[in-house]
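Okay, thanks for making time, everyone. Have a look at the model on the screen, and I'll walk you through a few parts of it.

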Amino acid sequence: MADGTLSHLPYAISHQPSAIFSLALAVALLALAGSAPARAHDIPNDVTVQTFVKPDGSRLRVLVRVPLQAMRDIDYPKPRDTTRGDLMDLSRADSTLRDASTLWISDFLDVYENGARLSKPRVAAVRAALPSDRSFSSYQEAFARVTGPPLPPGTEFVWSQGLLDALFEYPIQSDRSEFAIEPRLARLGIRTLTVVRFLPPGGGVRAFEFYGDPGFVRLDPSRLQAASQFVRLGFAHFLDGGEYLLFLACVVIAFRRVRSLIAIVTAFTAAHSITLIASAYNLAPDALWFPPLVETLIAVSIVYMAVEDIVLAAGKQPQSPAGKQPQSSPRSQSDSSSDGIQRDVGSSDDEIERVSAFSASSAVAFRSALQRRWLATFGFGLVYGFAFSFALRQMLQFAGTHRLTSVVAFNVGIELGVLLVLVLLVPSITLVFRFVVSDRLATIILAAIVGHTGWHWMTGTYAVLRQFRFEWPAIDAAFLASAMRWAMLAVVAVALYWLVFSVLRAAPADEPADDVVTHS
């Protein structure tokens, strides 16, 4: 009965061997048919685009080399005398290569002259190149290769392994203009590295390397353009660093008066400026273990500052109302009426002496705590300068010929970020301490949260640091020269530290107020 029911179903599956074999064969053919286009349209993992940009009279020449595998959905002509589908017929490939260069390169490469975007370029020449070709090592060789004779038509050319060389020409007003590019070539691969070399009319080469889409890139910026750009980069880099914000929060939790903040921020600025400028001129160690060491020390700085804040808050003593006149009790008033005013005056003198003694002790404790904070901030500021330099190294390629200006501007941007955080953070903490929770309890809670975060980060960075093997450098002339330079920088650091302390010690210290954690 069941068999009869199944036989009447329109889509019943037959159990005969021939039917099963036919079904398996059909599924296999479908799988093969579907997998071939998928492999043909795979996005390559790593793609390197090489570019030369050279203004020449009334034309701007742009030479580009891109792997053909990165330009997908292009139907390359196949040789007629072979069945291999991975070969390209070079004798009939010129129009296809021109279309590919337009669809995948020039349509996603904007070029600017004096801030105005240029019109679409003319495709002056295209060539297919073998992967062994090294002509793009210089502009002269690359230009000769693209404008020279193509590969012989009979060359066995596997298009998925080949390269496309293209020459684009843009009409310009003058080769002395200010040029910029905005490449959007990240779509060529999962990780696209674009190497740009700009050859200005005055000679020299400006080299750029960037992953993805870098946005608007000035090829030869002026001093003012470089300064404004690096101020923005420094400002954005500081605000984007969570570790910097945690450290700054620990610094200002216990010291929120203006004079104290000026002292601490000045010490931090002087310290990180030294190592930042030194690293920008390749004076920092280039060992693989050095960046993990810096990250570990930054985490240590956050933990140290948090612990010190907790210690300061735990040892805090209540402030006496020194600004108020002591009130006489009714009993003292009656005693003064019966015994004369001498007893009341003596009581007031004792109270004033006790308040003065407490204020003096509190001021000494405050000055001692502030000096320790200066020293710690200055020392850790040297470490943070190295951390800032790691980001600056990748950005200095956009400085043109204004390296020092860009480094100083980057440092200014960092200080602007510090000031912005202080302007927002200090009033917020003060309001919370005054109206929400007590100063001492809030300091302990906030410092504990920040310290807990820093501790977990420190253990993670230290685990990475332990994977590197430290080797003592060889004592040679280069090592001695580097040691001499760092000795000079150490002298500069000590001089700046002495200057900061001398100036700030000469100024009268702030009196500890309710919003400043002090201890005796």
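Before the sheet, one bit of vocabulary: two strands count as paired if DSSP finds at least two bridges between them. And keep in mind that this is a predicted model.

With that in hand, there's an open sheet of four strands, in the order 4-3-7-10, and the pairing is antiparallel. Which strands sit at the edges? Those are strand 4, residues 116-117, and strand 10, each of which pairs on one side only. Strand 10 has strand 7, residues 179-183, as its antiparallel partner, over two bridges. If you want a spot to click on, A180 stands opposite R218 in strand 10.

Let me zoom out for a second. The protein has 13 helices and ten strands. Of its 520 residues, 42% count as buried. And if you take contacts between residues at least 6 apart in sequence, 80% of them join residues at least 24 apart.

Now, strand 9. In a regular strand, the side chains alternate between the two faces of the sheet. Strand 9, residues 206-211, shows that alternation: R206, F208 and F210 point to one face and are buried, while A207, E209 and Y211 point to the other and aren't. Yes, there's an arginine, R206, on the buried side. Strand 9 pairs with strand 8, residues 191-198, in the antiparallel sense over six bridges, and R206 has F198 standing opposite.

F210 comes up again in the second largest pocket. That pocket has a volume of about 410 Å³. Its lining is 17 residues, and F210, P214, Q394, Q397 and F398 lie nearest the centre. Where does the largest share of the lining come from? From helix 5, with five residues. Strand 9 and strand 10 each supply at least two, as does helix 5, which runs 223-240. For those of you thinking about chemistry, the lining has nine nonpolar, five polar and three charged residues.

Last stop, helix 3, residues 94-104. Its buried residues are T96, L97, A100, S101 and W104. Looking down the helix axis, the buried residues fall within an arc of 135 degrees, so they line one face of helix 3. What do they pack against? Strand 5, residues 122-129, and strand 6, residues 163-171.

That's my tour, so let's open it up for discussion.

Key
Residues are numbered from 1 along each chain as its sequence is written. This is a predicted model: local features need pLDDT of at least 70, side-chain atom pairs count only at pLDDT 80 or more; totals for chains, interfaces and linings use all residues. Side-chain values use heavy atoms; hydrogens and water are left out. Buried means under 20% relative accessible area, exposed over 50%, partly exposed in between (1.4 Å probe, protein chains only). On a 1 Å grid over the protein atoms alone, a cavity is a set of points where a 1.4 Å probe fits but cannot get out, and a pocket is an open set with protein on both sides within 12 Å along at least five of seven lines; lining residues have an atom within 4 Å of a point. Grid points are joined across faces, edges and corners, and a volume is the space filled by probe spheres set on the points. Ala, Val, Leu, Ile, Met, Phe, Trp, Tyr, Cys and Pro count as nonpolar, Asp, Glu, Lys and Arg as charged, and the others, Gly among them, as polar. The arc is that of the directions from the helix axis to the C-beta atoms. Contact means heavy atoms within 4.5 Å.
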